[in-house]
Amino acid sequence: MINLSNFSSIFIANWKLNGNLDFIKEYYQKLLTNPNNCNIICSPVIYLNLLQTNEKNLFFGAQDVSVYNQGAYTGEVSAEMLQEKKTNFCLVGHSERRQYFQENNEIIKLKITNLINKNIVPVICVGETMEEKEKKITKSVLLRQLEEGLPDTSNYENTLIAYEPIWAIGTGYTPSLQDIQEVHEYIKKIDKKFNNFRVLYGGSVKSTNSRDINDLKSVDGCLIGGSSLKVEEFNKIIS
Ligand code: PGA
C-alpha cells in the first residue's frame, strides 16, 4: 500500500464520466504535477491502463469498485482487477453513487473492505444535503456515514476521508472556511481512531479558492470534480 505519510497534501481529480483518448493525450502533455503532493487522477476505469506511468509523480484511482470479488455479476470490476491495473486509490460512496446507484453504508463498508484487502486506499466520501445542513444535523449525518461505512480494518494509514457537502458539488457554492475547518476538526475528533486520518475537502474547489481551503489546518488536500477537467486549472490547484 502507498505510504500516505510521504505527502504533505493530497489532490484527487475526479473526472466522473468524462474524457476520451484525445482529451487524455492533451491533458497528460500539459499536466504539471507537484512532487511534494500526492496527485491522483480518478479517470473512468477503462482508461486506467492508458494512464499508467511514473513519469509525473502521478497516481491513479478508480471511481468505484464492486462489492463482489468474482462471479456472475455482469458489468462489475473487482478490487483485485483494480490492483492488477496498479490502481492505488478508489473513491467509495461518492454522493452521486449514493444518489443514482442506491449505495448505502453497508455496501460502502463491503467495498472498502475489499479494497483494503488488495492494498488499495479507499477514499470514503461523506457529506450532508442542504436540507440536513439547514436542520443543523451535519455532524450526526457524517458520524453515521463514517461509523456505518468504515470497517474495523480502516485506519489512517490505509483509508482517506473526503468531506463533500452534497449541496456544494458542482454548484459553485462552498461552505465558509470556518465551517470547513469546524467539520474537519469534528471528524478528526469523533474518536481516537480518527485523530490521524487525512481529511480532504471536496465540492466546487477551483484555482481561486483551493489555496485558502488547503491552507486550513485540518484540511489535508482536495477532491476536485469539474475543475479537474481543465488541465490548466488543475495545474494551478496542485501547484
Ligand atoms: P465538483 O465535484 O468539484 O465539480 O464540485 C466534486 C466531486 O464531485 O467530487
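Reader: Let's start simple: how many helices and strands does the protein have?

Author: Keep in mind that this is a predicted model. Going through its secondary structure, the protein comes out with 10 helices and eight strands.

Reader: What radius of gyration does the protein have, and what would a compact globule have?

Author: The chain has 239 residues, and its C-alpha atoms fill a box of roughly 45 × 45 × 35 Å along the principal axes. For that chain length a compact globule would come out near 18 Å, so the protein's value agrees with the rule: it is 17 Å.

Reader: What share of the contacts with a separation of 6 or more comes from residues 24 or more positions apart?

Author: Some background on the packing helps: 51% of the 239 residues count as buried. The accessible surface comes to about 11900 Å², with 48% of it belonging to carbon and sulfur atoms. As for the contacts with a separation of 6 or more, the share from residues 24 or more positions apart is 71%.

Reader: On to the ligand. Which residues are closest to it?

Author: The shell around the ligand holds 13 residues. By class, these are four nonpolar, seven polar and two charged residues. The closest are Lys16, His94, Glu164, Gly170 and Ser204.

Reader: Which backbone N or O atom lies 2.6 Å from a ligand oxygen?

Author: Three pairs are worth checking here. The side chain of His94 puts an N or O atom 2.7 Å from a ligand oxygen, while Gly226 has a backbone N or O atom at 2.8 Å from one. The 2.6 Å pair also uses a backbone atom, and that atom belongs to Gly170.

Reader: How much of the ligand's accessible area does the protein cover?

Author: Take the contacts from Gly170 and Gly226 as the setting. On its own, the ligand has 280 Å² of accessible area. The part of this that the protein covers is 95%.

Reader: Is Asp220 buried or exposed?

Author: Asp220 sits in the loop between helix 9 (210–214) and strand 8 (221–224). Leaving out residues up to four places away in sequence, Asp220 touches a list of residues including Ser8, Ile10, Phe197, Val199 and Asn214. Its relative accessible area is 12%, and the cut-off for burial is under 20%, so Asp220 is buried.

Reader: Which side chain makes a polar contact with the side chain of Asp220?

Author: Lys188 is among the residues that Asp220 touches. The two side chains are 2.7 Å apart in this polar contact, and the partner is Lys188.

Reader: Is Lys192 buried or exposed?

Author: Lys192 lies in the loop between helix 8 (177–189) and strand 7 (199–202). From Lys192 to Leu216 is 24 residues in sequence and 21 Å in space, C-alpha to C-alpha. With a relative accessible area of 73%, against a cut-off of over 50%, Lys192 counts as exposed.

Reader: What about Asn235: buried or exposed?

Author: Asn235 belongs to helix 10, residues 231–238. Not counting residues up to four places away in sequence, Asn235 touches Lys30, Leu31 and Leu32. Its relative accessibility is 10%, so Asn235 counts as buried.

Reader: How far apart are the C-alpha atoms of Glu84 and Lys236?

Author: Glu84 is in helix 3, residues 79–84, and counts as exposed at 59% relative accessibility. Along the chain, Glu84 and Lys236 are 152 residues apart. In space, their C-alpha atoms are separated by 31 Å.

Technical notes: Residues are numbered from 1 along each chain as its sequence is written. This is a predicted model: local features need pLDDT of at least 70, side-chain atom pairs count only at pLDDT 80 or more; totals for chains, interfaces and linings use all residues. Side-chain values use heavy atoms; hydrogens and water are left out. A residue is near a molecule or strand if one of its heavy atoms lies within 4 Å of it. A polar contact is a pair of N or O atoms within 3.5 Å; within protein, one must be able to donate a hydrogen and the other to accept it, and residues adjacent in sequence count only if both atoms are side-chain atoms. Accessible areas come from the Shrake-Rupley method with a 1.4 Å probe; for residues, only the protein chains shown count as cover. Ala, Val, Leu, Ile, Met, Phe, Trp, Tyr, Cys and Pro count as nonpolar, Asp, Glu, Lys and Arg as charged, and the others, Gly among them, as polar. Helices (H or I, at least four residues) and strands (E, at least two) are DSSP runs, numbered from the N terminus. The radius of gyration is taken over C-alpha atoms; the globule rule is 2.2 Å times the number of residues to the power 0.38. Buried means under 20% relative accessible area, exposed over 50%, partly exposed in between (1.4 Å probe, protein chains only). Contact means heavy atoms within 4.5 Å.
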